[in-house]
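Dear colleague,

I am passing on the structure we spoke about, and my notes on it follow below. Please open it alongside this message as you read.

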Amino acid sequence: MGNQIKTTVIKYRYDSNGYINIIEELEASSNALQTKTKINRDKLGYPTEIIKEDMALTVLLNSLSATDTNKVVRTTCYYYNNDYSTNKISVSDKDYQKITIYSYNDKGLICQMDNKEYTKKELSANNSFFMFYNDYNDLIHCTTIDSIRNSQYDLYFTYEYDDKNNWIRKNYYDNFH
């Protein structure tokens, strides 16, 4: 037989405010549920928590141990500033957690992003990103500092603008050009 194409059906369910609150991905030929995502929202409709369950992995792990403690569920929580810009995102599952914290400049642009990742409660990644912008609010320099590897990586951007100050060409280079 030739290659078979796997087709996925995605079903969306909405809450009483018209926001998506459940996404189900099904394998079309068997109608078997593959993943189920539940989205909890605040009163303004912003997501506060996204819980995604991978059904295939859950079934496999549960058949091996017959307990619910091995359920493969990834939870993402969002935290906002007063102006509803994101200031923190936390992603976690059984043995993994990632926390990202955002800081903004006076123009509302991200100027710093800190990422920490934990695997089995041990710090496995610790990166800070610093962003710098030109007068047109275009990113011109991004510095990444990896405190675990004790390294720094820089990315630089240059722009060519049209007569209305819209950039028409963007060039970038890094530490190694």
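**Salt bridges and the nonpolar core**

The count of salt bridges comes to three, and please keep in mind that they are found in a predicted model.

One of them joins Glu24 and Arg13, whose closest N and O atoms are 3.0 Å apart. Glu24 belongs to strand 2 (residues 20–27) and Arg13 to strand 1 (residues 8–14), so this pair ties together parts that lie 11 residues apart in sequence. Glu24 counts as buried, with a relative accessibility of 11%, whereas Arg13, at 42%, counts as partly exposed.

In another salt bridge, the side chains of Asp146 and Arg149 meet at 3.4 Å, N to O; here Asp146 is buried at 11% relative accessibility, while Arg149 is exposed at 67%. There is also a salt bridge between Arg169 and Glu160, with 3.6 Å between the closest N and O atoms, and in this pair Arg169 is partly exposed at 45% relative accessibility, as is Glu160 at 41%.

Turning to the interior, the largest nonpolar core is made up of eight residues, namely Ile89, Val91, Tyr96, Tyr102, Met113, Phe129, Met131 and Cys142. At least two residues of this core come from each of strand 6 (86–93), strand 7 (96–104) and strand 9 (122–133). As general background, nonpolar side chains in soluble globular proteins tend to be buried together.

Within that core you may wish to look at Val91, which, leaving aside its neighbours within four places in sequence, is in contact with Arg74, Thr75, Thr76, Tyr96, Gln97 and Lys98.

With best wishes

Key:
Residues are numbered from 1 along each chain as its sequence is written. This is a predicted model: local features need pLDDT of at least 70, side-chain atom pairs count only at pLDDT 80 or more; totals for chains, interfaces and linings use all residues. Side-chain values use heavy atoms; hydrogens and water are left out. A nonpolar core is a set of buried Ala, Val, Leu, Ile, Met, Phe, Trp, Tyr and Cys residues joined through side-chain atoms within 4.5 Å. Buried means under 20% relative accessible area, exposed over 50%, partly exposed in between (1.4 Å probe, protein chains only). Helices (H or I, at least four residues) and strands (E, at least two) are DSSP runs, numbered from the N terminus. Contact means heavy atoms within 4.5 Å. A salt bridge is a side-chain nitrogen of Lys or Arg within 4 Å of a carboxyl oxygen of Asp or Glu.
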